[in-house]
Every structure is written in C-alpha cells, then in structure tokens.
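Reader: I am new to this structure and would love a guided tour. Could we start with the whole and then visit a few places?

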Amino acid sequence: MVLGSPDANFFSAEQKEYLDGFLRALVPTVKSGGVPAQLDSQPDDIASAPGRRAQIAWLASGKRLSKEEKIKFDSDPLDSWPRIEELSAQGVLPEGEDIFRFKTHGLWNVSPAQAGMMCRLRIPGGVLKAYQAEAIAESADKFGGGYVDVTTRANLQIREIGGRHMADLLTSLHEVGIMPRGSGADNIRNITGNPTCGIDPTELIDVLPLCRQLHHHILHDRNLFGLPRKFNIAFDGGNSIASLEDTNDIGFKAVRVEAGNDVQTGVYFRVALGGITGHGDFARDTGLLLKPEECLPVAVAMVRVYIAHGDRGNRKKARLKYLLDEWGFEKFLAEVEKLLSFSCLRIPLSECRSPREVNKTAHLGVHPQRQAGHHYIGIAIPSGRLTSAQLKGLASLATQLGSGTLRLTVWQNLLVSDIKTENIPEALSLLASLGLSHEPNFIQAGLVACTGSEGCKFGMAPTKSTALAIAEHLKNRLALDTPINIHLTGCVHSCAQHFIGDLGLLAVSVENETYRGGGFHIVVGGGHGKEARMGIPVLRSIPAPQAPGVIENLLRIYLEARLSGESFTAFTARHSDEDIVELFSSAVENKLCVIKEAVQ
Ligand code: SF4
C-alpha cells in the first residue's frame with residue numbers, strides 16, 4: 001500500500017501520519033553510532049507481522065489506536081535492545097515511550113513506588129534448575145536489591161536494578177537460558193503449569209513439556225508478540241496442586257476419556273477460554289477435546305485470531321474476553337479452525353473424567369512423589385520474598401539432596417523435589433538453617449499478595465506487609481484446622497486474583513474522620529476449579545492497619561457458624577450471596593466507613 005494511492009483516501013490526517021511513519025520505518029536508516037535505527041535485519045518480517053497488519057486494518061476502518069498501540073506502531077518494542085544498551089551505558093532509567101517498550105524485554109521502571117527497575121523473568125511451568133537459581137541470585141546481588149519475589153504466575157522478579165545495570169542483568173539471565181522477553185507489555189506472559197508436574201502420584205499427564213514447548217515457540221516467533229494486551233495461558237495435568245488454568249485467557253485442562261465416537265481411550269485436554277477474574281469471569285469450556293500434540297498449534301491459532309481481531313483502541317476492552325463476548329465462541333472457534341491443518345474434536349464435557357482432588361496444603365510440607373522412595377518438600381515463602389542468600393541455599397540443597405530442580409507455585413511458594421527418604425531430615429535441617437519453614441500452616445499455605453504500593457505504581461495499599469501482618473496477627477489467636485486462601489491485590493488489575501480467594505482483599509484509598517491512606521474492600525467465598533465462584537463483596541474501605549483484626553473477626557464468624565470440621569469453602573458454598581453478606585458484614589461494627597474511594 002502506498003500513501004497517495006486510492007487506498008490512502010480512507011485515512012484521516014492522523015492516520016496518514018502514522019502510516020507515513022510506518023512506511024518510513026521500512027527503509028533502514030543508520031544512526032551516527034552505526035546502530036541501525038528502527039529495524040532489525042528483517043524489515044519484511046516486521047511489515048508483515050500480524051500485529052502490524054491488525055493495526056493497519058484498525059486504522060483503515062476509521063478507528064484510533066490507543067496510546068500503547070501507537071508506541072508499538074512507531075517502533076516495534078522487540079527492537080529496543082540497542083536502546084536498552086544506550087540507556088544502560090548512560091545509567092539512565094527509561095522515560096516516556098521507552099517505559100512501555102522496555103517491558104517487552106522484562107524491564108519495568110517502577111518509580112516512584114520503588115527506586116530503580118524491576119525485571120520479571122520467564123520460567124515455563126515455574127520449574128527451574130539449581131544453576132539457573134544460583135545465577136538469578138547472583139544477578140539479584142550484583143545488579144538488584146539482593147532478593148527475589150515469587151509471583152502469582154510461578155515466576156520471579158528482581159527489583160531495585162540500577163539504570164546502569166539493565167543490559168548487564170538481561171545478559172546474565174540470557175546466559176543461563178532465562179529469557180524475560182515478552183514477560184511484560186502486550187505479550188503472552190509466563191506459561192504456567194502444575195508445580196508437581198512429573199512427580200505427582202495423582203496427575204493424568206506431565207504438562208511441563210507442553211509448557212516448555214509453547215514457551216520456546218513464543219520466544220522464536222515474533223508473530224506472537226504485539227498482542228492487543230497481555231495474554232495468559234496455563235496447563236493443568238490433573239495434579240493435586242492446581243495451576244488455576246480457569247483464570248487464564250486459555251486454560252488447557254487434562255481429562256481422561258473412554259473409547260467412544262471418534263475417540264480412543266486416553267488423556268486429552270479440554271480448552272477453556274476467556275478467564276480474567278479481575279473482570280469477573282472464569283474461563284469457560286469450549287467443548288474442544290485436544291490430543292496433547294494439538295495444544296500448541298491450537299494455542300498459536302487462538303492467539304493469532306486474537307491478534308488480528310482484538311480491540312486496538314480501548315485498553316479496557318482489549319482482552320480476549322471482550323472479543324469472545326462480542327463474537328461468541330462459535331465464531332471465534334471457526335476463525336481458529338481456518339488456521340489449523342486439522343479439525344478439532346468436540347465432545348460433551350460430561351463424557352470426560354477429571355479424577356483429581358485438589359489438596360490445598362500440598363504445596364507445603366513433605367509429600368511422596370510418583371517415584372518410589374522420593375519426596376518433594378513444599379516451603380513457605382512469606383509474602384513471596386526470598387533473599388538471594390536463601391535462593392542460593394535452596395539451589396545448593398536441591399543440588400546436594402535432590403535432582404537440582406526447584407519448582408515455583410502460583411501460591412508464591414516453592415518446592416524442592418526428588419529428595420530421597422533417608423535425606424529428608426538433612427533437607428529439613430538445611431531449610432531451617434536458611435530461616436525457611438516447610439510446616440503446613442493453614443494461613444501461610446494460602447496467603448497470596450501482589451506487589452502493591454511498596455513496589456508497584458498502581459498499588460493503592462501495602463499488600464505484602466499487610467499479608468505478613470495478617471499472618472502474624474492470626475498466628476496465636478486462631479486454631480484453624482482447614483486451609484484458608486487469603487488473596488491481597490493492590491489495585492483493580494487484580495494480579496493476586498482477590499475474587500478467587502476464600503477471603504479477597506482489594507486495595508483502595510480510604511479517607512474518613514480518623515484515617516487517610518491505603519485500605520481494602522473485602523470479598524468472601526471465592527474459589528476456583530470445581531469450587532469456582534467469584535467472591536461476594538461484604539466489607540468496604542477497611543483501613544490497612546485494621547485489616548488483620550477484621551480478618552480475624554471474619555474467620556471467627558466462620559468458626560462459630562460452621563458445621564463440625566467444615567472447610568471455609570464448603571461453608572460459604574452452602575450459603576447464598578445474601579446470607580454471606582448478612583453473616584460477614586458484621587465483622588466491623590461501623591460498616592459505613594467509606595468516605596472516599598479512589599478506584600473504579
Ligand atoms: Fe501492581 Fe495492581 Fe498488579 Fe498489584 S494488582 S502488582 S498493584 S498492577
């Protein structure tokens with residue numbers, strides 16, 4: 001297409017300006033320093049990239065690109081490496097459009113919430129080798145704040161990185177096979193799976209090879225970058241520790257199917273689409289039944305359809321859910337099948353069996369593996385933060401007594417696997433020497449907190465320190481005998497998925513006669529998987545310092561009203577939304593403490 005041709009008459013002056021810039025970008029230019037500007041060595045690939053074609057189609061239909069889409073249009077963030085080198089040499093943090101572009105390489109300027117940069121890695125399935133953990137810990141010491149945070153996508157973040165160290169940090173990670181590329185901005189985030197994949201006695205299939213296959217496919221296909229917004233994909237192999245696949249844009253869930261129409265007995269995957277709990281939706285089953293080897297091409301085709309047709313103008317409507325809401329599943333799946341070389345089988349969900357029972361404490365403590373005589377140890381990581389010394393210690397433990405494998409969980413905890421029975425006492429002793437505990441604790445086991453205001457500019461309240469305060473407050477006050485999931489999320493982006501916690505806390509700004517600062521709205525009764533339910537709002541604008549006491553009151557209400565031994569999940573499941581509000585809103589005497597809310 002050439003500006004000035006008949007096609008160009010469809011464009012406004014602003015659209016022509018962007019298209020003009022795009023066409024200019026196709027002509028390689030060289031900066032004074034000899035670094036090719038704008039382009040890498042494959043301009044034809046850039047021009048034909050699906051994301052770029054979708055942007056042009058969006059403009060051609062008379063619509064405006066969002067601010068972030070314009071940034072991507074002007075210069076592909078994948079080609080920002082020379083700019084990262086340039087700013088690193090100057091010791092300068094990215095500003096303006098560079099902030100967005102650098103996220104594609106896993107680098108965030110998180111100021112003013114926290115000094116310096118944050119780097120989010122990519123660890124497919126959350127499984128990493130000890131040598132990688134050691135290198136990450138070294139990098140955190142050398143270039144960052146000397147600690148790492150385990151994220152809710154079974155991933156790691158390094159924080160407090162100086163501007164001078166951006167390129168060196170990424171280089172050190174690349175050298176041990178950790179590629180943060182695409183962990184931020186409008187890309188496919190870390191591929192998650194079950195942390196016990198390959199070792200769980202109950203699993204139907206080991207999903208780690210699928211996580212890794214998709215991870216590497218994405219890294220090597222620039223057509224799968226530059227989506228309308230972020231995108232989450234998870235695999236669940238039927239393990240005792242869930243992967244929360246139903247909270248993802250695409251969730252692959254293993255099921256067993258007996259021989260029948262067109263199907264042989266075996267393990268297959270159901271496909272669910274459109275999970276985004278912060279917007280009130282779990283992923284819904286599509287009816288598709290895939291062989292394991294069909295998952296990758298189907299995932300890629302689904303992403304390609306989303307790239308071509310997702311919203312490029314309104315960031316709030318740019319997630320897959322909204323395309324599905326607009327089109328319906330049938331139209332979306334028809335577009336997907338056009339990109340496949342095979343037809344997808346569909347059978348009713350009722351013909352599939354999913355025998356797994358989730359064990360909410362299986363990520364803490366000592367548990368037998370599928371491999372006889374071997375165990376994994378689940379370790380509590382308070383608020384998901386590990387010092388680099390602790391991470392090195394865990395890597396050393398895994399090397400000495402295990403198979404050199406560490407497994408991160410979406411509950412922000414960590415497993416060391418493949419410990420022989422006779423080595424368990426030594427492993428526990430080493431853990432204790434690192435200041436870490438494996439003891440199942442019904443609060444710690446299910447306590448999840450995003451970064452919050454202590455390290456994220458969107459955060460409305462301190463989530464991690466409030467989570468620690470809740471754990472400390474409850475420690476000697478309540479005798480719980482069943483697990484409780486408490487999720488604290490720092491803003492409406494809901495990175496900690498507050499709607500699926502037994503208790504979910506959403507940070508807000510609170511202002512009343514006696515308090516001004518961060519606080520929380522509280523929802524009760526959320527769940528996932530077979531217990532999927534969005535939490536019911538019960539309390540609003542609780543000042544952060546009061547949160548531990550209010551959580552104690554909520555749990556006391558449950559303990560007093562439950563049937564003998566009844567879990568929190570079972571208790572809330574047998575109550576209506578209205579009953580839950582009635583029961584739990586009495587946890588604070590003055591329910592109307594809301595004066596100002598700064599969200600939504
Ligand atoms: Fe930041 Fe909000 Fe995500 Fe928490 S939920 S990490 S505050 S964006």
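Author: Happy to help; what follows is a short run of questions and answers on this predicted model.

Reader: Welcome news! How compact is the protein for its 600 residues?

Author: Let's begin with the parts: there are 18 helices and 23 strands. The radius of gyration is 24 Å, close to the 25 Å that the globule rule gives for 600 residues, so the protein is as compact as a globular protein of that length.

Reader: What percentage of the residues in the protein is buried?

Author: To count as buried, a residue needs under 20% relative accessible area. Among the 600 residues of the protein, the buried share is 60%.

Reader: And how far apart do the centres of the positive and negative side chains lie?

Author: The protein carries 62 positive and 67 negative side chains. Taking the centre of each set, the distance between the two is 3 Å.

Reader: Let's zoom in on a strand. Which residues lie on the two sides of strand β4?

Author: A general point helps here: in a regular strand the side chains alternate between the two faces of the sheet. In β4, which spans residues 117-120, both faces are covered and the four residues are all buried. One side has M117 and C119, and the other has M118 and R120.

Reader: Which residues are the bridge partners of M118 and M117?

Author: β4 pairs in the antiparallel sense with strand β3 (residues 107-109) over three bridges, and M118 is the partner of W108. β4 also pairs with strand β7 (residues 156-161), again antiparallel and over three bridges. So to answer in order, using the bridges of each pair: M118 goes with W108, and M117 goes with I161.

Reader: What covers the buried residues of helix α8?

Author: Helix α8 runs over residues 166-174, and its buried residues are M166, A167, L169, L170, S172 and L173. The cover over them includes the strands β3, β4 and β7 and the helices α5, α6 and α7.

Reader: Is G144 buried or exposed?

Author: G144 sits in the loop between α7 and β6. Beyond its neighbours within four places in sequence, G144 is in contact with S139, I158, R159, E160 and I161. Its relative accessible area is 19%, and the cut-off is under 20%. G144 therefore counts as buried.

Reader: How about another loop: which residues is T277 in contact with, leaving aside its neighbours within four places in sequence?

Author: T277 belongs to the loop between β10 and β11. With 2% relative accessibility, T277 counts as buried. Its contacts outside that sequence window are T247, F282, Q497, F499, I500 and M534.

Reader: Why is strand β18 described as largely enclosed by the rest of the structure?

Author: Strand β18 covers residues 414-420. It pairs in the antiparallel sense with strand β15 (residues 374-379) over five bridges, and three bridges join it to strand β17, also antiparallel. The description itself rests on burial: β18 is largely enclosed because the number of its seven residues that are buried is six.

Reader: One last stop: which residue in the turn of the β17 and β18 hairpin has a positive phi?

Author: The two strands of this hairpin have five residues between them, and L408 is the bridge partner of L414. The turn residue with a positive phi, of about 65°, is Q412.

Methods
Residues are numbered from 1 along each chain as its sequence is written. This is a predicted model: local features need pLDDT of at least 70, side-chain atom pairs count only at pLDDT 80 or more; totals for chains, interfaces and linings use all residues. Side-chain values use heavy atoms; hydrogens and water are left out. Buried means under 20% relative accessible area, exposed over 50%, partly exposed in between (1.4 Å probe, protein chains only). Contact means heavy atoms within 4.5 Å. The radius of gyration is taken over C-alpha atoms; the globule rule is 2.2 Å times the number of residues to the power 0.38. Lys and Arg count as positive and Asp and Glu as negative; His and the chain ends are not counted. The place of a charge is taken as NZ of Lys, CZ of Arg, CG of Asp or CD of Glu. Two strands pair if DSSP finds at least two bridges between them.
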